[in-house]
Structure formats: C-alpha cells, structure tokens
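User: I'd like a close look at one part of this protein. Could you walk me through a sheet and what packs on it?

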Amino acid sequence: MNILDRYHAMEYGPAPEARNEADAWLAARDFSKALFIGGDWKAASGGKTFETSEPSSGKLLAKVSDASAADIDAAVAAATKALPKWSAASGYQRAKVLYAIGRAMQRHQRLFAVLETIDNGKPIRESRDIDVPLAIRHFIHHAGWAQALDRDFPGHKGVGVVGQIIPWNFPLLMLAWKIAPALAAGCTVVLKPAEFTPLTAILFAEICERAGVPKGVVNIVQGGPEAGVAIVNHPGIQKIAFTGSSEVGKIIRKATAGSGKKLSLELGGKSAFTVFEDADLDSAVEGLVDGIWFNQGQVCCAGSRLLVQEGIADALIAKVKTRMSRLRVGSPLDKNTDIGPLVDLTQLDRVKGLVAEGARQGAVCWQPDAALPASGYYHLPTLATSVSPANILAQEEVFGPVLATMTFRNTEEAIELANNTRYGLAASVWSENVNLALHVAPQLKAGVVWVNGTNMFDAACGFGGYRESGFGREGGREGMFEYLTAKLPLGPVIKPATISAKPAEQPDGDTIDRTAKLFIGGKQVRPDGNYSLTIATAKGKLAGEVGLGSRKDIRDAVSAARACKSWPEATAYNRSQVLYYLAENLSGRAGEFAARLIELTGATPKAAREEVDQTIERLFLYAGLADKFEGRVHQPPARAVTLALHEPVGVVGIVAPDSSPLLGLISLIAPALAMGNTVVAVPSERYPLLATDLYQVIEYSDVPAGAINIVTGRTAELAGVLAKHDDVDGLWLFADADTCAKAEADSVGNLKRVWTGNGRSLDWASDEVAGDALLRRAVEVKNVWVPYGD
Amino acid sequence: MSSTIREADVGSSKVTPLPARAAANTAVPHDHRIARNPGMKLDLGFMESVRSVNRSALERRVASLTKRRSIKADNQAAWLLRAVACMDLTTLNSNDTEERVRRLCAKAINPFRRDIVEGLGISGETIRPAAVCVYHPFVATAVDAVRGTGIHVAAVSTAFPHGLAPLSTRLQEIEASVRDGADEIDVVIPRGLVFGAKWRELYNEIVSMRAACGDAHLKVILGTGDLATLRNVMLASMVAMMAGADFIKTSTGKESINATLPVGLAMVRAIRAYFEETGYLIGFKPAGGISTAKASLDWLVLMKEELGRPWLEPELFRFGASSLLTDIERQLEHHLTGHYSANHRHAMA
C-alpha cells in the first residue's frame, strides 16, 4: 500500500509496541530459580516447574519454578525471621522503602507494562495507562500510611506474617494492592502470583532487591495449588488475603476456620450497570466499554449486567452495537487494540460454553463482524439481549467480554434487579439527576458504586465486596485495617456447655409462675418446638425455665430481622434516641437486674450492681456514637469525590457469652443496633433469664418490631443454625472453640462476616471493648464514586 | 449471530444533492456528494432528549480516546495529508492586507515543497487545503487568487468574532461576502441567546443567515469557549443544525478557550444525533489553537471513532488553522528523511 492508498483508506494500521527489552529480560533469566525467598532466588525444592505461555500465540514464555509445601515453609520462615525488625522499624523507615519501590517501578514502568501484556494478553494501552500507574500509585500512597500509622491507628499494630494469593487478571496491580498496605502496616509477606501470570511479580522482586527492602520482608513464591494450600494452612501465617474466584474463596474460608487467621477475600461479581432514562447515553456506552470490555471482561467488578430503563432500551442497544463494531480485537501489543486474547484456552472454552448455554436458555447473542487473529485465545465482544434474570448469563460470572442486558420499568425495579444476585462487588449508576443517583447508590448491595462512571480505582479508596463477593477492603484507610490488629483484653476460656441431667431444686419462697418465651418480631412467642430449658440459680435451685429455641425459631427471627426496614432506614439520631431510651428504661429497673445477676451468677451485690451500671453506660455510649461513627470522603486524583459510607452489615446474629451475661450481651447488641443492623441474639445458655427479663424493657423503649430478636436455647446448636443461614449477613460469636470453628466453616454458604472469640470471651468491663473496635465490625464501607463537573 | 452497523449512507435517495462544486483537491471522489441539510422545524422535545451531557464522562472519553489509537509510519503521513486536505487555511488578523491574503492563497495552492510531494509519491493527486478563510474585505482578493483551483473561499461574517451587530447588518455582511464570491460563510452566534435559552430567536437568526447564504455553505460558529457548559454546546449545536447549518464550528479563535476535544466530542455527538434523527450529515469544524500535527491526528481519530469514515472528507470535516500546515510539513519531511525538520525549511504562508 502506498501513501495515497492509505490516504484514501484512512485505516489505523499496525502500531506495535516494541518488545525487545522485554524479550531481552526474559532471555536473561533462569526461571527455574524464580522463588524469591529471604532475599535469595531459589529453585523449587522438588525441582518442579510450570509453564507460562503467551495468550496471543500460545507460545511458551518460560518454565517457572513451582513451589512445594517445603518452599512455603522456607518462605514463611524467612518472613517470620524478618518480622521483628521490620515491624519495629519506624514508620519513616518503612515509608522510605515503600517510596523507593514506587519510584523504582516508575523508572521501569514500560518494561512492567510490556511484560504484563505479553504474559496476560491485556492490551498494552491498559497495562501502560491503567495497571502499572495504579500499582505505582499504591506504593507511593501507602508510604504515607506507613508513617501515619501511629497517628491514624492508635493501639494497632501489624498483624504479622501474611499469606497473599492473587489472580491472573491484574497480576501486578493485585500484587500492589496486597503488598503495599501489608508493608505499610509492618507485616512481612509471602505472596503467590497466579500460574498463568508469574512474570511481573518476578520483575517486582528484582525491584525489591534494589529498592532496599530488607531480606525476607517480601517473599514471592511462584506456584500452583500445592503452594496455595500450603499458604492457606500454614500455622506461621497470621493473615490470609485472597483475590480470586468465589469458589476458591469459600474453600479458604473453610480451611482457615478456627485457625484464628485474619482473612480478607475479594471474590467474584456480577455487577449491575444501570442506565436511567435521563442518562447521557453516549457516555453510558463508553462506560460499558470501560466496564465489560476492559481487560476482555476478565474483571471481578466488570459491569456484566446492563440494566436499562424500558423507554431508552432500543436507543441504547443500537448505540452499544455501533460502538461494539468499532472495538478492535487483535494483538495485545498493538497500541490500537481494544480487546486482546483471553488469558488461556481453558478460559476461552469456559466463556464460549457460557455464551452457548445462555443462548440455549433464550438469550439473543450478538457479535460485531470482525475477524479474529489466526492464533491466540480471542473472543469477540458479545451482547446478550432478551436475558431473563434466571438465564445463566445473568446469574454466573462469565469473566469474559459478554454483556447481559435486561430492562426495568422504574427505579424500584432497577434496584431490585441490581440486587438480585448472590454477589455484591460493584455497581454503576447512570443518571444526570443527582437526586436519583444518590437515592439509588445507598440501596445497592455493592461495596463500590460508580455514579456516571465505571471501573474507577484508586489507592485512597476502599475496594471490596458485599455478600459472596467477599469481605474486607483494599485501599484507603479502610484497607489498612485489614493488615492491622488491636488486641482486645481477653475474658475467660469458654467451655462447651454441659447439659445437666440433674433437675434443679425447687426454689424457696412463694412467687407466681412466669413463662419466659422467645422475643421475635417485637412479640413474645413460644418456641416452635414447645420444649423448655431449665435454668438454675448459682446455688443450684430452679431459677426458671426458658424456651428451647430451635432452627425454626432462628428462621422466624431472621425473617423478622430482615423484614424490619424501619430500623436500618431510621436516621442515626432516631436510633440514638431509642438506645438512650433503652438505657433509661433499664436504669429504672437496675435493682431488679442486679438481683437477677446475683441469683444466677452468684455475683456479689457490688459486682452485680457494677455490671448493670456498666451495661447502662455502654448503651449510653453507643446511643451517643450512633450518629458519630461516620464515613469519610476520599479524594482520588481525579475530579471526583469518593464517599466512603458506613452502611449496616444487615442482619447480624449475636451469640453472647456466659461471662458478664448482661454486659456481654448488651456490649454486642448495642453497637450492632447503633449502626442500623437488625439483630438475632442468642443469649448466654446458662443465664438466659437476664435476656428474657429485657423483653419488657425493649417493649417500652420504642424499638421497632424485628430490630432485636432473642432466641434462647443451646448455644452450639443455635450458633450452627445462624452460621448456616444464608440470609444472615454477619455473625458475632462468643462460644467454645469448637462451636466458633464450626460456625466459621459453616458460614461459607453466603460468606457472612463472622467474628468469633475463638473460644475466649472478652473482658467486657474494659473500655477497650467499647467503641470503634466493635462499630467497625457493625458496618460495611461502601465507596460511592461521584465524578463531577458541568 | 448477525450484525449490522448503522453507517452514514451517503448515497441515500431521500436527500437532494448540492449544486456541483469543484473540489479543492483531486483526492475527493467526484461522486462523493453530500445532500445538503434543509434544516427542520425547531423541535424543543428533540433538544430535551439530547441535553444530558456529562462533562466528566466526556473528558474521560477523550483522554482515553487519544491513547487508544496510534498512527504510525506511512499511515501517519497519509493521515497528515488528510489533515491538510481538510483544512481551512486561515488568516483572521486585524492587520491583514491584500498582499498577505494573496500569500496565504499561494500557500494553499502549493502547500508542499516539490521534494516532499515526490518523496511521498503523491504527485498523482492534488492534496491541498480545502479552503482559505478570510475577513470580508479580502474575499474578492482571495477569490481572484484561487480562481480555477477548486479551493473554496470562506468569509467570516456577521460581526465576527462577537456577532453583536444588528441582525440586518449581519445579514448584509453575508450577502456582501457572497456577492464578492465567497462560497462558504462562517457566521458567529450571539452567545447571549444561549445563556438566555432564547432558542427560538437563535433559530430564527440562523435560518435567515442560511437564506442570505444562498448556495454558499453555512458554517455556524458557536464560540464554545464562551458557552460555559457542554450542555450549552450540545443545545446550541442542535439549534444550528435544525436551522440549516451545513457545518457547526467550535470557535472563532478569539475566545480565551479554543477548540478542545471534550467540546468537539459534544458537537460530534450532536451531529450523530441529528443524523440519526434526520438522515442528514452535518460537517464539523474545530478551529482555534490546533497547531500541531499530533493534535490534528487526535481530531481525526475523534471523527473516525465517533462518526466514521465519511467524516474524514473535506465535505464534512475541516480544521480552521493557520500554523498547523507548517508543523505538518515538518512532520512529513521527518517522515521522509528521518531528520527532525525546522519551520524555516518550509515556505511560509
């Protein structure tokens, strides 16, 4: 073609990014010694390697050492050895190291970008303009957190040695999200990249060598499932951070149950991209390009479900198709490529299979006319219309360039459709009406909401899911907490409850018989099974009988808690007044509760009175904090504000300990209520009468029906039912170690947020057990991105 | 699976062809005729449907657009030649003289050094600016100077650059320029009508300007740097097209903010919406501040990505530019020699 031909054709032509530097880098390395452990490069102890290949050609790139369990042991040992010095280093010292890493990465950013594109298949534009600059930003941002630790997180210290397992879709960026906050917090790390994409992590390790990262602080172990399992199960690791599929996330949740390891999971999604009729439609179409056709759709927060208001559906779909026809599918190293190959043949087969199944189930699948390169794992951008909510394309995470479209009639239906998923990672809302957008955003069950935008990320803003998209946040202040710990003062070890065969002796005196029922949906109700549990006084006499709650009572209580909308929707001021009123009414009966404590626990009158007074004080505290534990406004480097909202977790199950039976119970219920959660509480098995005595207090105090539900009975049994209930969002559990471990394992059904004492109670009388430590567990942080400008 | 793309159908029978006009350069196929926009009634409902313009999203789109496409080597040379073919070579200075205008016309007729033309292998076709653009007093001079070349003469009229003379005066100015031989008229709108949302008045003014133009093409300058919001840009664009504009144009070059890509994006989206509604293709002319070869490529990419290939012809796309040509010449020389060039190696306008 001569220049005149080109002048007439006006095509872009090839614009390949040079790869000679990356090829030279590849050629100069011995990847059979790619384990970076304790500052040394090692071969796998078993000598095994795995292959990484180029998705655009299938060509082998390298045979990389495949870490065995023994290698993980060595890495954990190195991290453990490095921990004392690193965690004791000043914030300034750690900040200097993080800064040096960030700057060194900046100096080699094109090499990072080209390697990433070669290894992963993502277009060079994305690795060059998005992944690598954001990774650098994470290190430089977190240098600041290292130095601000004492100021911003008093009483906290690094959690210790952390094991991190990252996916192949953003290999370097996910590494940065994991390592930067860990190093800032004073942790040492053992990180396992994905088998498909080991290369940029190796370059990163080389950067660490040169940037003055002390040996053993960062250990990077290449490997597959064996290495992953060894990390998850390693007793020398105090925290696991995982990004990947929900399936593997659940396996990790189960494997770490009872281990006491801190855990954060960033899993899959089926994020809704909702377009209202007053949206800028052309911009919404570009949003979809950035949402579902970014990184070939291999993005956990991809806007894979397009929800469009009926009146504009045809117009929007027409625009989407026109835009799709201009997407360029081709070599990822070409600067004009919008869509590269998927990462691997298995992924391509999976996407094709899901599209075929979606079509079989009635979806109409459309693809633009475009030729695919002869080799490589390419998939055309695909638009599925006539997708019913039950269609596999609306339900399953495809992790490919496939957009499923549904229409809605009104705002309420849009929210309902958006939330009609087990996932809850991200959501996009398009409307020029700020009233509408900010009305919808808080109602979406998603950890990140973008208003008139999509796939915006920043190191200063938290990212993470609701529901089965996982828990924990990455980025910003909220992300730092995942690598920090504040030791709460412990209470006694909790032993499994023993069921006494011996009936309690009849009490002295002459009183009218009282029936303590369950408290569900604002009413005192009999237990479904109609059995009772005999409760003894400290002296072994009969104190009374309480209902023996069963799984069906838990079911009813959870339904009542879920149905209670007025409490989460009430203003914080309103909740505050109700909690004050509870305190006021409890105070009016302080003597009675003190007497009950003496009777049941054998406490001295002084101790009993103290516990009641402290309980009232604690209610007062949370009443006052209800409107003060507020979110933040993050400032990403863009013309946007990011509102980090504190939202209630939802329905929270609370299993209270025997120690300080009144104070312990209220210390857990009050912060949950203060933040707008509704509660299903299982009080102490030995002293439930303190809870049943509260029914009247609650009834007097304007607590809406369903906000507090109390089910008495066997702790282990009821905790198990709560753990397995898939409509319970959070579970706080103070019971024996076995019950705690079992509940953590059982929570995988919906990945509810579980907090246990691991068989220990807390020192409920301590001030450290009151305040932010509990309030933080009572909220989800939702980051709402609001770009602005007119 | 099937696919169709709605592309501009330039051969559609529902449109009436323009009177035949000689082309400035032979690169334009002679059968490539664009049906002239007859305008339509002022449709406030239609305007309402396009008023959602999200500035932040448009800024993000143009920021990534220029990174998504890269034009290298021979293609870059070809695209730069395209930029020249789509150029209104302009002089709009208060110290312009007839001699200065003649020089500009000479440059338009012979834009490239002979060795560059031969080196690029383009001597088989004539590639040069589509028009020269001057103030009214120099129209006759320019018409004389470019006679027989096919280069159009554009006059800025209607009390350029502010547009604040009485309407009758402004219309007389158009008529005078047309009488002197201008076949393209660049008019400015009074920006106050946009701020006052006086759409009917703005519409009526442009309708009478179009009538005054007769067969001459009407380019409506919005003065986007003055309009404050992209929503105003979108709405003013729609009014201009409904009133019969052949082109919509960003700026006079005299506002403090000239042609920017976000403004351009809003305007080309307006053009697309008008096309989808009426089937008529409206031209676009960014003007002011576009002085580098790199910037001209960004604009061409914007046109190709948002509107498609038909909008890369001088019938539908023009740069209003004065110093751009020299920078393109330098890049073309660099393309041939591998040496970075200097301004003084190329003949000035």
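Analyst: Happy to; here is a tour of one sheet, followed by its setting in the chain. Please keep in mind that this is a predicted model.

The sheet is an open one in chain A, built from 10 strands with mixed pairing. Going across, the order is β13-β14-β15-β12-β11-β16-β17-β33-β26-β25. At its edges sit β13 (364-366) and β25 (632-634) of chain A, and each of these pairs on one side only. From one strand to the next, the twist averages 20°.

As a general reminder, strands of a sheet pair through backbone hydrogen bonds, either parallel or antiparallel. Let's zoom in on one such pair. Strand β12 (residues 305-309) of chain A and strand β15 (residues 402-408) of chain A run parallel and are joined by 5 bridges. To find your place in the viewer, look for Gln309(A), which stands opposite Phe408(A) in β15(A).

Now for the helix. Helix α12 (residues 313-324) of chain A lies across five strands of chain A, namely β11 (272-275), β12, β13, β14 (382-385) and β15. Its direction is at about 160° to β14(A).

Stepping back, chain A holds 28 helices and 33 strands. Its C-alpha atoms fill a box of roughly 110 × 65 × 45 Å along the principal axes. The radius of gyration of chain A is 28 Å, which agrees with the value near 28 Å for a compact globule of 790 residues. Of those 790 residues, 59% count as buried. Finally, among the chain A contacts between residues at least 6 apart in sequence, 75% join residues at least 24 apart.

Conventions:
Residues are numbered from 1 along each chain as its sequence is written. Chains are lettered from A and ligands numbered from 1 in the order in which they are written. This is a predicted model: local features need pLDDT of at least 70, side-chain atom pairs count only at pLDDT 80 or more; totals for chains, interfaces and linings use all residues. Two strands pair if DSSP finds at least two bridges between them. Helices (H or I, at least four residues) and strands (E, at least two) are DSSP runs, numbered from the N terminus. Axes are lines fitted to C-alpha atoms, for helices over the stretch in contact, and angles run from 0 to 180 degrees between N-to-C directions. Two residues are in contact if their C-beta atoms, placed from the backbone, lie within 7 Å. The radius of gyration is taken over C-alpha atoms; the globule rule is 2.2 Å times the number of residues to the power 0.38. A residue is buried if 20 or more other C-beta atoms lie within 10 Å of its own, exposed if 12 or fewer, and partly exposed in between; C-beta atoms are placed from the backbone.
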